Number of protein chains: 2
Amino acid sequence: MKLKEFAKQLGLSPTTVSRALSGYPEVSEKTRKRVAEEAVRLGYRPNVNAVRLVTGRAGAIGVVMGRNGEFQFSEYMSGMAERLDSEDIDILVTPIAEQGGKDESQLHSRLATSGRVDAVIIHSPMPKDERIALLHRLGMPFLVHGRSETDVPHAWLDIDNEGAIRRATSHLIDLGHRRIAMINGRAGLTFSLHRDQGYRKALEQRGIQFDPRLVAHGHFTDELGFRFARSFLEQSPRPTAFVAGSMMTALGVYRAVRSFGLVVGRDISVIAHDDVFPYLTADNMVPSLSTTRSSLRAAGVRSADLVLQLLSGRPATEIHELWPVELILRESTGPVPHSDAIPDKAG
Amino acid sequence: MKLKEFAKQLGLSPTTVSRALSGYPEVSEKTRKRVAEEAVRLGYRPNVNAVRLVTGRAGAIGVVMGRNGEFQFSEYMSGMAERLDSEDIDILVTPIAEQGGKDESQLHSRLATSGRVDAVIIHSPMPKDERIALLHRLGMPFLVHGRSETDVPHAWLDIDNEGAIRRATSHLIDLGHRRIAMINGRAGLTFSLHRDQGYRKALEQRGIQFDPRLVAHGHFTDELGFRFARSFLEQSPRPTAFVAGSMMTALGVYRAVRSFGLVVGRDISVIAHDDVFPYLTADNMVPSLSTTRSSLRAAGVRSADLVLQLLSGRPATEIHELWPVELILRESTGPVPHSDAIPDKAG
DNA sequence: GCAGAAAGCCAAATCGTTTTAAATTTTCGA
DNA sequence: TCGAAAATTTAAAACGATTTGGCTTTCTGC
């Protein structure tokens, strides 16, 4: 059913019908109501592609998915979907072309110029992220999920990674731990840097020497969690506590600790960052895992919301949100064992 | 840069340019080459929405994402993305509206009639799935990832869930296990039914009585894995082996077994289904986990491929693919302990 | 050298909306 | 009752491509 045909059935012109449905004020309330009702009854729905052509809007938000299907991805998307449910806006997932920075820029520029999306969400930015400058230059609205140090003005939503890890590390120090290992995310990404900073600040505040041999970077996989944790535990003196970057990493750490005949929560303390997944919960781990917690799904919901605001004209420079992160203490953290305790300078 | 303008610069008509770029035969090779080169040089790219309007194609494949962001989702998507990389086709992720079957149908029908997508992929179908009849009725091409018993002809891609679980269960029986518990996926979904059938057939073949108290259904979460496994282990006599529906389920089972002071691979055998995730690998679990393995990413790649075939005219009735599933034996499966052994009828 | 076929190119119609500018009708104060 | 202002409605022009059908050239075989 086309607009023309539908309008004829109503005895109105296409113009009036279009206006009635789009909520323009120049149409009488009586007519609008009739049009709306008939549209439902006759099942008229405007052709999306025609609308898009004439309005120049794409009706979609673009998300670029990394090559290595991160497990977090679907949770965030799920949140976005929840928010966009009521709007007439789709989520366009774009395949990432090749590995390496060059192609990623090219991909974003193609996405931005293709007219397929009205806005783009950038994930896991780096401090100097060329994607940000690129999208800005192309005039494509975008939201950064995470943070960047670029001086290009842009909208962003991030969690307080630094504060989270600082508090987590501080808490471990309070428990008497002095050798605290850190298994962080991929090197070079802003959130990894922030977490590193949080870790170092906590140590600094308590006068503990930073030891680069206790820090590792990499993808959030159980495998890396295991390998890094094992290599740390082989050191002498070994660390008595771990800060793990993700739930998957924590799984690997738990296994590594066990493989040394040690017990998590007694011999070795562990805190991990938890994005709150329905399928893997910190509470159910044995022992239950202390976490820095922030709902990724909630971030997805809010991201979608902010992008909508951006599209309706709110200036990008106004949109900066930094979410606090909870620290949830459970059984995986405990006082440093006596045998491992290192006397304080004062002690 | 518009087509008209671009054509003028080349001294050609829009018609010829359009044809040259779309690979129609009515244009000389020399001209085609020149047009292609100039398009790159001048950065001309056809307006997507105009193309879509006139061709009636949407240039996107729709995927409906469940409310509870399954962790598998991104891996499958990632595979699709890999395949669609070279094509000019997007993946459109549609928020699922509300819970409950009614709204899901409505959602699919809106998606199908909205003109936003050229084809749809349906996940986790049920034997009588109304979505299939609906899309068929609406004339929207679709691929079912999984299987259904509906008599509506349709394209599908599935893995041999029944065979996989049958072999897994048979193997456990070969090892002497007689009380084998099964933690399956959500009740009512076809793949859960197939797995149930595989499980029952294996028992039947060896004359082992099916015990409904050893089977559970639910989402693939560590929590359910743990809870179900614990409740099974409280039975007397307790099961000596588990078949787990997913890696997350297996994590829960491992923990439950340990919480009883038992050892996986010695006291209790475990086999789980593994979709092959980069972030959680069966090989790295302790003990390493025996699995029925099938790459979900590969399924995503192939799904995209099949949808493309569907769109280029291959009849849906021709597209039926059933993938075999590997059985990988690792340390989590072993002979039934002597104390638990139940003498065979013959023994 | 010529007719007919094939190759290469083009003008104009089309896809289904929104929106501009103009026309019509209604309202209302004097 | 009239005329201006306000409220509705409309015809027609975009939006930017593809595609139909026709129009020129260039080959081909005799």
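Domain bounds, as I use the term today, come from an automatic or database domain assignment. With that understood, chain A divides into three parts: domain 1 (3-42), domain 2 (60-159 + 297-324) and domain 3 (161-294 + 327-340). Please keep in mind throughout that this is a predicted model. Between the centres of domain 1 of chain A and domain 2 of chain A, taken over C-alpha atoms, there are 36 Å.

A pair of residues gives another view of chain A. A:Pro25 sits in the loop between H2 and helix H3 (29-42) of chain A. A:Pro25 and A:Phe71 are 46 residues apart in sequence, and their C-alpha atoms are 47 Å apart in space. Is A:Pro25 buried or exposed? A:Pro25 has a relative accessible area of 69%, and it counts as exposed because the limit for that word is over 50%.

Let me turn to the relation between the two protein chains. In general, two copies of a chain are related by a rotation about an axis and a shift along it. Here, a turn of 180° and a shift of 0.1 Å along the axis lay chain A on chain B with an RMSD of 0.3 Å. This is the relation of a two-fold axis. Which residue of chain A comes closest to the rotation axis? That residue is A:Leu92, whose C-alpha lies at 2.4 Å. The same surface serves both copies, since 100% of the contact residues of chain A recur in chain B.

One residue of chain A that touches chain B deserves a closer look. A:Asp222 belongs to helix H10 (residues 222-233) of chain A. Its relative accessible area is 0%, so A:Asp222 is buried. Within its own chain, A:Asp222 touches A:Met248, A:Leu251, A:Gly252 and A:Arg255, and across in chain B it touches B:Tyr279, B:Leu280, B:Thr281 and B:Asn284, not counting residues up to four places away in sequence. A polar atom of the A:Asp222 side chain lies 3.4 Å from the backbone nitrogen of B:Thr281.

I come now to the DNA, beginning with strand C. There are 26 residues around DNA strand C, and those that come nearest are A:Ser18, A:Arg19, A:Tyr24, B:Ser13 and B:Arg19. Of the atoms of DNA strand C that come within 4 Å of the protein, sugar and phosphate account for 60%. Phosphate oxygens of this strand meet both protein chains. In chain A, a polar backbone atom of A:Leu3 is 2.7 Å from a phosphate oxygen of DNA strand C. In chain B, an N or O atom in the side chain of B:Thr16 is 3.0 Å from a phosphate oxygen of DNA strand C, and a polar backbone atom of B:Ser28 is 3.3 Å from one.

Which elements give two or more residues to the surface near DNA strand C? They are helix H2 (14-22) and helix H4 (48-55) of chain A, together with helix H2 (14-22) and helix H4 (48-55) of chain B. The largest share, four residues, comes from H4(A). By character, the residues of this surface near DNA strand C are eleven nonpolar, ten polar and five charged.

Strand D may be described along similar lines. DNA strand D is surrounded by 27 residues, of which the closest are A:Ser13, B:Leu3, B:Ser18, B:Arg19 and B:Tyr24. Sugar and phosphate make up 61% of the atoms of DNA strand D that come within 4 Å of the protein. The bases are also reached: a polar side-chain atom of A:Arg19 lies 2.7 Å from a base oxygen of DNA strand D, and an N or O atom in the side chain of B:Thr15 is 3.2 Å from a base oxygen of that strand. For the phosphates, a polar side-chain atom of B:Ser18 lies 2.3 Å from a phosphate oxygen of DNA strand D. The surface near DNA strand D receives at least two residues from each of H2 and H4 of chain A and H2 and H4 of chain B.

I shall finish with two residues in chain B. B:His108, in helix H6 (residues 101-113) of chain B, is buried, with a relative accessible area of 1%. Among its contacts are B:Val64, B:Val120 and B:Arg131. B:Thr292 lies in strand E10 (residues 290-293) of chain B and counts as buried at 1% relative accessibility. The side chains of B:Thr292 and B:His273 make a polar contact of 2.8 Å.

Conventions: Residues numbered from 1 in each chain as written. Chains lettered and ligands numbered in written order. Predicted model: local features only at pLDDT ≥ 70, side-chain atom pairs only at ≥ 80, totals over all residues. Heavy atoms only, no water. Least-squares fit on C-alpha atoms with pLDDT ≥ 70 in both. Contact = heavy atoms within 4.5 Å. Near = heavy atom within 4 Å. Polar contact = N/O pair within 3.5 Å; in protein donor to acceptor, adjacent residues only side chain to side chain. Nonpolar A, V, L, I, M, F, W, Y, C, P; charged D, E, K, R; others polar. Buried < 20%, exposed > 50% of the residue type's maximum accessible area, 1.4 Å probe, protein only.
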